[in-house]
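User: I'd like a close look at one part of this model, the nonpolar core. Please walk me through the core, and then through the loops and chain-wide numbers that go with it.

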Amino acid sequence: MAENLSFFQKVNENFDKAAKFTDYPKGLLEQIKICNSSCHFTFPIKRDDDTIETIHGWRAEHSHHNLPTKGGIRYSMLVNEDEIMALAALMTYKCAVVDVPFGGAKGGIQLNRNEYTESELERITRRYTYELIQKNYIGPGIDVPAPDFGTSEIEMAWIFDTYLTMSPDKLDAIACVTGKPIKHSGIHGRKEATGRGVVFGLEEVCSYIDDMNQIGFDPGIQGKTVVVQGFGNVGYHASKYLTLTEAKVIGIAEIDGAIYNPKGLDIDKLSMFRKETGSIRHYPDATLLENPNDIFELECDILIPAALENQITAEIAPRIKARIIGEAANGPTTAKAHEILQKRGVLIIPDTYLNAGGVTVSYFEWIRNLSHVGFGRLARRYEESTYNAMFRAVEKATGYQFSDVERQTVHGADETDLVNSGLQDTMVNAYQEIRETRMKYGKDIVDCRTAAFINAIHKIAQSYMQLGIFP
């Protein structure tokens, strides 16, 4: 694979590699991988100092085999049409891999958010939303954005408010965007969903004895050393939940440097330090690495790139010590780097699977918004009364009296419990399908990335054939 291909071309190259293992007509395969629509628009924004600046924004809808389309909005200076189309394509395959019934989409604005005030960002976000409405690129049954790199629940609240103001459908307008604040009908667990999904995925990957023996590991994630590149929303939550599984996060990198402590990092303490100082540099309980790329060379079991695309290059790949790479970011590994790592026997868990926690819980939020009923509300008290009846039956039959502490360990499932349960079930089932595909074609022939693409192609092709577009 060539290293000088564009991001979208690299995604399509991975698609073509997987398509060779299918027997679908060429026309159907071309329809699956092409980007159905892409829009680039510009608009003026008045800065706080009364100057006028032109803003560039994009939205791409890659596939309409399922509606609505779904994908985040990112604010970055790297945003361009090719990147947005590539990320929209990855969203299509990601949704298919984890059986979320959306087509893929993506949006972005070309800016460095650190150069704008909050009031300026609000005006930019609201005007961007207006452009999406005018061009029919947003709506509960059309295209549903979510947070991505450089955006958060705050921007999603602005998007929702703008859409609600202009939409004639006030009842379901709330489902026009996901990743909203809880007070604006967001869902518990969405903010940490991508990072938590990474951990659920890695736990499942590490549970297979034969696969772990093949790379020289004992099964289980407990005790494994982890390095994380990126300490944004995904990197932070992945790190936090990894430590709860008794894995040891020993290194974290940000754009201005990296830190390392072989005994493990206290993630909550580090997060607080960054909030106070604005950086992870000079964190007192770690060694500072001035070059953030040095993080890739640390001795560790698992490496998690959780920042932007094209971070692991052919130059960096030979120096990586990790035996498992968990792609928490979109497209973090270049094609040539992937080949180098594969030849060295590194197990690469692809973004099309491992990064899917966010869109999975966004799907739950979308369902919740359309149903207008919070998860757990109808059944929680019934479940608690059922559990208490079981306690009483056991006590009557055995004479044993449960303590208050023992009784409190069992409760009816609330929204967070149900969201996390659904996310874990999704990640477990999706990896089992990927592994089954590898076993079918041979693990030495089909890697996890190709297997994920094969599964996605099958599911999308079936959707098109059910629509009667293809025989």
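Analyst: One term first: a residue is called buried when its relative accessible area is under 20%, exposed when that is over 50%, and partly exposed in between, using a 1.4 Å probe and protein chains only. This is a predicted model, in which local features need pLDDT of at least 70 and side-chain atom pairs count only at pLDDT 80 or more, while totals for chains, interfaces and linings use all residues. Residues are numbered from 1 along each chain as its sequence is written, and side-chain values use heavy atoms, with hydrogens and water left out.

Now the core itself. By a nonpolar core I mean a set of buried Ala, Val, Leu, Ile, Met, Phe, Trp, Tyr and Cys residues joined through side-chain atoms within 4.5 Å. The largest one has 94 residues, and I252, I304 and I324 have the most contacts inside it. Helix α3, residues 81–97, supplies the largest share of this core, with twelve residues. Helices here are DSSP runs of H or I with at least four residues, strands are runs of E with at least two, and both are numbered from the N terminus. A second core lies apart from the largest one; it has 26 residues, including F43, L132, F160 and I174. As general background, nonpolar side chains in soluble globular proteins tend to be buried together.

Let's zoom in on I252. Its place is in strand β7, which covers residues 248–254, and with a relative accessible area of 0% I252 is buried. Contact, by the way, means heavy atoms within 4.5 Å. Setting aside residues up to four places away in sequence, I252 touches V228, F231, S239, A258, I259, L265, I267, L270, I280 and I295. For a sense of scale, Q110 is 142 residues from I252 in sequence, and their C-alpha atoms are 27 Å apart in space.

Next comes I304. Once its neighbours within four places in sequence are left aside, I304 is in contact with V198, L202, V226, V227, V228, Q229, L242, G326 and A328. So V228 turns up beside both of these isoleucines: it is on the list for I252 and on the list for I304.

Moving on to the end of a helix, L244 belongs to α8, residues 233–244. Despite being a leucine, L244 counts as exposed, at 62% relative accessibility. Q222 is 22 residues from L244 along the chain, with 9.4 Å between their C-alpha atoms. G223 sits in the loop between α7 (209–214) and β6 (225–229), and at 52% relative accessibility G223 counts as exposed. Beyond neighbours within four places in sequence, G223 is in contact with E246, A247 and D301. From G223 to T243 is 20 residues in sequence and 9.4 Å in space, C-alpha to C-alpha.

A glycine with the opposite label is G139. You'll find G139 in the loop between α4 (118–134) and β5 (143–147), where, at 1% relative accessibility, G139 counts as buried. Its contacts outside the four-place window are P68, V144, Y163 and C176. P68 is 71 residues away from G139 along the chain, yet their C-alpha atoms are separated by 7.9 Å. P68 has a backbone quirk of its own: a cis peptide bond joins L67 and P68, with omega at about 0°. That proline lies in the loop between β2 (52–61) and β3 (69–76).

Two histidines are also worth a glance for their backbone angles. H282, in the loop between α9 (267–277) and β9 (287–289), has a positive phi of about 65° without being a glycine; at 56% relative accessibility H282 counts as exposed. H372 also has a positive phi, about 60°, and isn't a glycine either. Its loop runs between α12 (357–371) and α13 (380–398), and at 42% relative accessibility H372 counts as partly exposed.

Finally, the whole chain. There are 16 helices and twelve strands, and 55% of the 471 residues count as buried. Among contacts with a separation of 6 or more, 67% come from residues 24 or more positions apart. Along its principal axes, the C-alpha trace spans about 75 × 60 × 55 Å.
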